[in-house]
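Student: Could you take me through one part of this model at close range, and then show me how its surroundings and some other local features fit in? I would enjoy a connected account rather than a list.

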Amino acid sequence: LLLWKANTNEESFKIKWKQRNSVKMCISITYLLKDESKCTLSVELTDEKNFKKNIMNAYDIKESGDLKTVLLKNNNWLFENKTYTLNFKLIKKKIEVKTYNPRYDYYNYENTYNTELVYAEGCKIGIKRIAQCTDEYENEDILQVNTTELQVTPTDSSLTVDVYPFVYEPRKKFISLSSECLNGGFSNQKGCVCPPGFKGNNCEYGCGSNKFGTDCTGMCSIHQMQCQQMILCTKGFGCKCPAGYSGLNCTKECTSGTYGVNCEQQCPEGCRLKSCNVYTGVCNKGCTASYITPDCKKKYPWLKSPPKLELSDFRSLKLKIDFNSDNIQGSNNIKWVYYQIVFKITSNESEFQYLDLKEIGEQNSVIEIMDNLKPGLSYTIGVILVTEDGNYNIEDIKTVNYSTSCLLPKSTNYDVNLMSGTDNINVTWNKLNDQNEEDCKIMEYLLKLMYCNTDLKQLNYSEEVKSNNNHGYIFENLLSGEKYAVQITAITATGLAEPSMLSYIYTEPNGHIQIKNIKTKFNENSTLIITWDTDEKYANTPLVYEIKYKVNKHFSCSNKIITNNWTSLLVYNRTRQEISNLIPNTQYVIKVDPKIKGYTYDDYSNMIYVKTPISKPKLIPVINDENNSYITNQSAYFNWKINMTECSKLNGFFRGYQVILKNMVEGTQVVESIKENTVSYNELKPDTKYELQIYVLTNYGYNIEQGLLIPFNTKAKCNNNFPLSNLSIPGNIPLGVYFYLL
């Protein structure tokens, strides 16, 4: 019932609809009017474009304490598919009010009264139903109430919802829902307040389709649309779509799994396939297991607490089962007469095994012994209650895990092996063997992953998992380049075995790692020593570095950059490396790059230049191919060359030659430094044995071990001059190629 209470002198609301067929104008109003002296109700009919208005004043509405229906009719036609609007106006009546006005003078006393017209207070009307009547009221259409008008009502509006006799008590904002009030109802001091479409002390009965009202006697329509496009207004629930419908215009049927007013209720859990009647919520495809037919609202009884363990040994468990009423949950409208223990091995996914069915009788508790069990196993145990109709509730059974006794493993050699990636650690281990039947069976393994904070020098437990996979376990989503510790503990049915020793590993770094402070120095042996630093984050992380170096310039030859290939070597878990056998007086390019998966440093990162120091020359002069050297009895002339394609062997900057002429008979020598590649000697002694030594001279000096040695004899006085190439030396070796390294 819609209670319309006028707070102002004139108020209105409207109903809008689209005409289905052409009929004469007829509107039926079912109402309650307690005092007609205070109100009048007028109805104004307009078409969609307001071209013409037909106004009917409802002065013939009479006071009535019961529901009454009046017909408002005229000869105007309502045409098919045209939109019309009914504007309802509630107007307060004026009433005559007398006020007492006493007057006094010195001699007389006089009573007078003032009369005035004022608007009556308490103007209100209850509207049960508004419909369009046809065929002299034998058939009718329910007009659609504009849901926006009613559901989004201004705060100062007087349009309220109430039930006759108009004792308006607004619903409190915070009403605690009672489990006794069903189907969306709520409780107050008088009991349950039911939503439209439901009745009963606990709102347990649904009216069904096309019905409404507190007693479900109201009918929405005689047409197939039934309660579609209607809106029902009640105290406490406001204006909402009838049961079975939702949407702005109340035309959308409830989807599967929902029902009731505005489709706000969920079908009961006990409904099979979550399917229920959209109007009443009654399951229409039967009950799921554990629910009692036919209403599917209550479950078969079950024990709140599982059996308690009294005693255990290697092959049996002693249990106590409590049948007191405070340990029974579920429906108490059906009697439980039997109990049955169900069990399975905890680690198996097999179904429960059932022991013998036994009568409960008058017992409040019983002691049961489960025997013929295996040592060191955990068993999952529960008890079901079987009712007088032979059914039971396995769905809500309360289970507990108890273990038989066993002996813990004595040997705990896990042989843990760790392998890491950038964000994961792969852990493998040896399975502990059970040697005797009474040894505790290994059910699974507990793996602890610990993050090693090197700054705080402590272990922070970051993850703990259980695994029954004997092949290993992978910890994922870890920090890259960090140190972790792993510990493994075997779990038996009776407890934990001894854990493994901590095993440490670093995850591989990922992405760019900065290399800084690359430094070089040469030791006494001219070996190059390279050192470098990394980010502090990776200071303690074992990394692999690739050291690459190549010749950039041979200063002994020129100052030009030359093309050369890299020489590379790998360095493991240290930041120092020695490089030997470098060419002296040469510029090298050196790179130090960490080997990181998925990241490549460019050609110019982590690079430095270094010049090697000068050293003894290792380039040896050779006799010139075009040899025009000669020897006489008192003079000698020699010509040689060096191979400049091997200029890098100079190991310094070229300064000429160091030439030493030794008189092998007298033991004297002449030493000189020259720049030319020729030398001539005069005033030599005839028929005398000499030795000429020629060395390359650099800014470092000359290398006594790397030179050209030419032994020769001057000729007797009577001999003529002849070319050096015609001479022979001991051993018949041509003089032009006779040299050795000293």
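Tutor: Gladly. In this predicted model, β33 and strand β34 (residues 400-403) run antiparallel and are joined by four bridges. One of the pairings is that of I381 with V400, its bridge partner in β34. β33 also pairs with strand β29 (residues 336-345), again antiparallel, and here nine bridges join the two. In that pairing W336 stands opposite T387 of β33.

Now look at how β33 itself is covered. The strand spans residues 378-387, and 10 of its 10 residues are buried. S378, T380, G382, I384 and V386 point one way, while Y379, I381, V383, L385 and T387 point the other way, and all of them are buried. I381, the partner of V400, and T387, the residue facing W336, both belong to the second group.

Following the chain out of β33 takes us to a salt bridge. The side chains of D396 and K299 meet at 2.7 Å, N to O. D396 sits in the loop between β33 and β34, whereas K299 sits in the loop between β24 and β25, so this pair ties together parts that are 97 residues apart in sequence. D396 has a relative accessible area of 17% and is therefore buried, the cut-off being under 20%. K299 counts as buried too, at 15% relative accessibility.

The loop that carries K299 has another feature to inspect. T293 and P294 are joined by a cis peptide bond, with omega about 5°. P294 lies in the loop between β24 (265-266) and β25 (302-303).

The count of salt bridges comes to nine, and two others make a good comparison for your eye. D593 and K591 meet through their side chains at 3.3 Å, N to O. D593 is buried, with a relative accessible area of 8%, and K591 counts as buried at 2%. K685 and E666 form another salt bridge, with their closest N and O atoms 2.1 Å apart. K685 lies in the loop between β54 (678-681) and β55, and E666 in the loop between β52 (654-663) and β53 (668-674), so the pair ties together parts that are 19 residues apart in sequence. K685 is partly exposed, with a relative accessible area of 41%, and E666 is partly exposed as well, at 45%. Back at the loop after β33, K299, E395 and D396 are joined into one network by salt bridges that share partners.

A charged residue without such a partner is E11, in strand β2 (residues 10-18). E11 is buried yet has no salt bridge, and K92, the nearest side chain of opposite charge, is 7.0 Å away. The side chain of E11 does reach the backbone nitrogen of T8, at 3.0 Å.

β2 also leads us to the largest nonpolar core, which has 26 residues; W4, I29, L86, F88 and I125 have the most contacts inside it. β2, β3 (23-33), β4 (39-47), β6 (64-78), β7 (83-92) and β10 (124-134) each supply at least two residues of this core. Of these, β3 gives the most, with six residues.

For a sheet with open edges, go to the three strands in the order β42-β43-β46, where the pairing is antiparallel. β42 (515-522) and β46 (576-579) stand at the edges with a single partner strand each, so one side of each is left without a neighbour in the sheet. Neighbouring strands here are turned by 20° against each other on average, direction ignored. β42 and β43 (residues 528-534) pair over six bridges, and T520 stands opposite I530 in β43.

Two loop residues deserve a last look for their backbone angles. Q229, in the loop between β18 (218-219) and β19 (232-234), has a positive phi near 65° although it is not a glycine. N606, in the loop between β47 (586-594) and β48 (607-611), likewise has a positive phi, near 50°. Q229 is partly exposed, at 27% relative accessible area, while N606 is buried, at 13%.

Terms used:
Residues numbered from 1 in each chain as written. Predicted model: local features only at pLDDT ≥ 70, side-chain atom pairs only at ≥ 80, totals over all residues. Heavy atoms only, no water. Buried < 20%, exposed > 50% of the residue type's maximum accessible area, 1.4 Å probe, protein only. Pairing = 2+ DSSP bridges. Axes fitted to C-alpha atoms, helices over the stretch in contact; angles between N-to-C directions. Lys, Arg positive; Asp, Glu negative; His and termini not counted. Salt bridge = Lys/Arg side-chain N within 4 Å of Asp/Glu carboxyl O. Polar contact = N/O pair within 3.5 Å; in protein donor to acceptor, adjacent residues only side chain to side chain. Core = buried A, V, L, I, M, F, W, Y, C linked by side-chain atoms within 4.5 Å.
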